[in-house]
Amino acid sequence: MKNKIKVAIFDLTDCEGCELQFLAFREKLLDLAKSIEITNWRLAKAKNDNGPFDVAFIEGSPLTQDDIEMIKEIRQSSGAVVALGDCASLAGIPGIVSSGEREALARKIYGKNYELAVKKVYPLSHYINIDYHIRGCPVTQKELEYVVSGLIWGKVLSPKAYPVCLECKAKENHCLLLEDKPCLGPITKGGCDALCPSVSHRCYGCFGPAKGANIESFKKHLVEVVGRDEANRQMHFFITNPSMEEENKDPSP
Amino acid sequence: MKEILGHYITKIEGHGKLKVDFSKERAELHVDEGERLFEGLVLGRIYEDAPLISARICGVCPTAHTFAAIDALENALDIKVPEYIADYRRIMLSLQIFQSHVLHLFFLAAPDYLNIDSALDLAEKNPEVFQIVLDLKRLADEGIELIGGRSIHPVTPVVGGFTKLPDYRKLLLYRNRLEKNLVHAVEAAKLFAKFHYPHMEREREYLSLQDSSYPLIGEEVVSSAGKNFKVSDYQKNISEKVNSYSTAKFSTKDGKGFMVGSIARVNLKFQLLNKMALEIAKGQFPSNNPFKNNLAQAVEMVHFMEEIILLIDKVKGADVSASRINYEVKSGKGAGCIEAPRGLLFHYYELNSKGIIVNCDIITPTAQNLTSIEDDADELLKISHHLSRKEQERQIEMLIRAYDPCITCSVH
């Protein structure tokens with residue numbers, strides 16, 4: 001391949017778990033190096049280009065002014081921008097509290113005069129246009145591989161439109177819901193290969209809401225199983241959060 | 001973008017900028033990670049959410065946070081798990097240190113000593129070593145996946161045990177692969193014994209856990225200054241201070257900086273290292289040179305591979321169908337502490353009678369090391385006048401990297 005695809009991997013405020021999945025490619029990194037060139041990756045390289053990039057992966061939540069300024073510049077200097085993981089795509093774990101709660105918690109943790117640089121946690125799509133969302137906390141190597149190979153071969157990427165239950169059934173797991181136990185499988189986007197139910201753990205929704213999921217109806221059922229308070233807590237993890245509610249839409253259709 | 005990006009220190013976990021005042025010989029580590037407020041995010045939530053949420057503090061050491069949270073919650077709920085569950089936890093904690101050290105040693109630190117831009121350049125320059133690195137990375141990731149369900153943000157560990165434990169035969173296969181790779185790991189670790197570490201010595205206090213073997217989990221903190229304390233008293237012994245230039249708090253003990261992590265553990269518990277690790281460490285420790293933290297990590301990488309093999313042999317015959325114990329949910333408070341890859345990791349929770357979290361405190365290893373990092377940087381400035389300012393800055397960045405700081409952990 002004559003011209004390698006220029007790829008950048010950026011991290012905002014987050015745990016950096018999603019970008020580590022690139023390193024978990026191991027030998028495949030060497031194969032990839034034949035077709036793509038990583039020209040900016042702060043975590044792994046000292047010398048980093050400022051663009052332009054064919055594709056930029058952005059991981060994390062914009063929680064500093066630097067973060068916000070940076071993503072706007074990345075958007076301008078990149079052909080495609082991929083939201084890497086739930087923090088980027090859905091506002092993730094920091095997004096489970098409202099801006100009011102955030103301010104109160106910041107004062108509790110840092111002292112009464114503490115001012116947050118960014119009060120409300122939004123997903124990237126609040127600030128910039130996103131071309132593709134990779135969900136998961138963390139994202140899977142399988143999905144990353146699908147996206148990266150799609151970019152190399154110029155394939156049209158199509159996000160998975162089925163819930164975790166489909167993968168869970170294929171693995172012939174016992175259904176936790178049928179045992180009157182909580183499980184968010186029916187409303188959670190697939191892609192994890194039903195990881196949690198396969199090890200006797202309830203699905204807690206870490207791939208975010210599935211496309212077209214009837215969340216309200218499912219919540220009624222969950223209230224019957226675990227009560228209203230716990231149902232609210234379980235939903236306010238990855239399925240919904242204050243910024244998704246405010247914008248009244250799933251940011252990653 | 002250059003303005004913003006150019007200032008962040010590369011090849012460390014998270015966002016930090018180095019500010020050096022050459023006239024005052026003073027260096028500051030400006031921590032610029034946004035506030036995620038984890039100690040607040042868990043409030044009002046059920047105790048079972050704490051391991052799941054706190055794992056997200058860090059993608060490099062999620063398993064450490066998971067078990068620190070579980071340890072604290074079990075102390076709050078007066079739960080004692082059977083020995084084989086504790087042993088499986090030790091395997092996971094050993095795997096966590098192994099996994100994190102492989103990442104830091106080869107992908108983040110080694111380029112400094114080999115004068116290359118990135119570990120990926122090793123593929124061309126030294127393909128044999130690169131293959132060893134990839135094999136070790138695979139082993140570490142797959143070990144955590146085997147027991148925890150996935151290599152990042154594990155799902156099986158819960159209060160009271162594990163939701164499910166793997167078939168022992170799978171564990172045995174894994175054990176044999178580890179044993180086969182041990183000789184390569186020793187070879188790779190020995191590279192770090194040959195590296196040229198900048199010369200600097202500074203006395204300081206080192207802390208690690210007191211454990212029945214080389215430290216992983218325990219109830220007492222041991223100090224090189226002889227000032228030991230109980231984990232439950234950690235808030236009385238370690239103070240945290242907010243600095244205007246940092247979203248991470250800086251810890252001190254008795255008003256001074258101290259150090260936790262690999263070099264602290266090796267310095268304090270040298271005699272408890274496993275055989276092959278001890279061979280590499282001989283004559284190199286105790287050391288007051290913070291750069292040698294990298295060598296201590298290499299020693300520990302080998303030690304914990306040996307330890308995992310010993311532990312897998314130990315859990316043979318345990319009935320893994322009883323992977324968790326029953327317990328009662330009640331009100332209580334409890335502190336927990338484990339040895340994370342970068343050192344002591346404290347979690348503290350208070351629960352009401354329904355098991356809802358009403359108070360939480362987390363002190364991470366990097367937050368504990370920050371004061372010591374800055375003091376070392378100042379010292380390095382004082383002893384490196386003969387170097388150009390650019391070279392001095394490069395050395396300080398290298399020093400910071402040698403500490404293996406986890407900035408995202410330190411802010412949390």
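1. Start with a pair of cysteines. UniProt, in an unreviewed entry, places a "binding site" feature at Cys61(B) and Cys409(B). In this predicted model, the two cluster in space with a largest C-alpha distance of 8.7 Å, although they are spread over 349 residues of sequence. If you want to find Cys61(B) by eye, look in the loop between H3 and H4 of chain B.

2. Cys61(B) turns up again in another record. The unreviewed UniProt entry also gives a "binding site" at Cys58(B), Cys61(B) and Cys406(B). These three span 349 residues in sequence, yet no two of their C-alpha atoms are more than 9.0 Å apart, so they gather at one spot. Where does Cys58(B) sit? Cys58(B) is in the loop between helix H3 (49-55) and helix H4 (62-76) of chain B, and Cys61(B) is in the loop between H3 and H4 as well.

3. One further site in chain B deserves a look. According to UniProt (unreviewed entry), a "binding site" annotation covers Glu39(B), Ile362(B) and His412(B). Here too the residues cluster in space: they are spread over 374 residues of sequence, but the largest C-alpha distance is 8.5 Å. Ile362(B) has its place in strand E13 of chain B, which leads nicely to the sheet.

4. That sheet is an open one of 3 strands in chain B, ordered E11-E12-E13 and paired antiparallel. Which strands stand at the edges? They are strand E11 (332-340) and strand E13 (357-363) of chain B; each has a single partner strand, so one side of each is left without a neighbour in the sheet. From one strand to the next, the twist averages 15°. A general point to keep in mind while looking: side chains in a regular strand alternate between the two faces of the sheet.

5. Now zoom in on one of the pairings. Strand E12 (residues 343-351) of chain B is joined to E13(B) by 6 bridges, and the two run antiparallel. To check the register, take Glu350(B), whose bridge partner in E13(B) is Asn359(B). Then step back to see what covers the strands: helix H13 (residues 365-383) of chain B lies across E11, E12 and E13 of chain B, and runs at about 130° to E12(B).

6. Chain B also has a hairpin to point out. Strand E8 (residues 239-242) and strand E9 (residues 249-252) of chain B pair in the antiparallel sense over 4 bridges. How many residues does the hairpin use to join E8(B) to E9(B)? The hairpin joins them through 6 residues. Val242(B) stands opposite Lys249(B) of E9(B).

7. For a helix pair in chain B, try helix H10 (residues 262-269) and helix H12 (residues 293-314), which pack at an angle of about 70° with their axes 8 Å apart. That makes H10(B) roughly perpendicular to H12(B). On the H10(B) side, the contact is made by Ser262(B), Ile263(B) and Val266(B), while H12(B) brings in Asn293(B), Ala296(B), Gln297(B), Val299(B) and Glu300(B). By class, that contact has 4 nonpolar, 3 polar and 1 charged residues.

8. Over to chain A, which is divided into domain 1 (5-153) and domain 2 (164-247). Their C-alpha centres lie 25 Å apart, and the contact takes 16 residues from domain 1 and 13 residues from domain 2. On the side of domain 1 that touches domain 2, helix H4 (residues 86-90) of chain A gives the most, with 3 residues. The residues of that side of domain 1 divide into 7 nonpolar, 5 polar and 4 charged.

9. There is a domain record for chain A as well. UniProt (unreviewed entry) annotates residues 15-148 of chain A as "domain: NADH:ubiquinone oxidoreductase-like 20kDa subunit". Over residues 15-148 the chain is 37% helix and 17% strand, with the end C-alpha atoms 22 Å apart.

10. Last, how do the chains meet? In the model, 53 residues of chain A are in contact with 49 residues of chain B. Several helices of chain A each supply at least two residues of the side that touches chain B, among them H1 (17-23), H3 (65-76) and H10 (228-238). Which helix of chain A gives the most? H5(A) does, with 6 residues. Sorted by class, the side of chain A that touches chain B has 28 nonpolar, 10 polar and 15 charged residues.

Key: Residues numbered from 1 in each chain as written. Chains lettered and ligands numbered in written order. Predicted model: local features only at pLDDT ≥ 70, side-chain atom pairs only at ≥ 80, totals over all residues. Contact = placed C-beta atoms within 7 Å. Nonpolar A, V, L, I, M, F, W, Y, C, P; charged D, E, K, R; others polar. Pairing = 2+ DSSP bridges. Axes fitted to C-alpha atoms, helices over the stretch in contact; angles between N-to-C directions. Domains from an automatic or database assignment. Parallel < 35°, antiparallel > 145°, perpendicular 65-115°, else oblique. UniProt positions renumbered as here; feature names shortened; annotations may be inferred.
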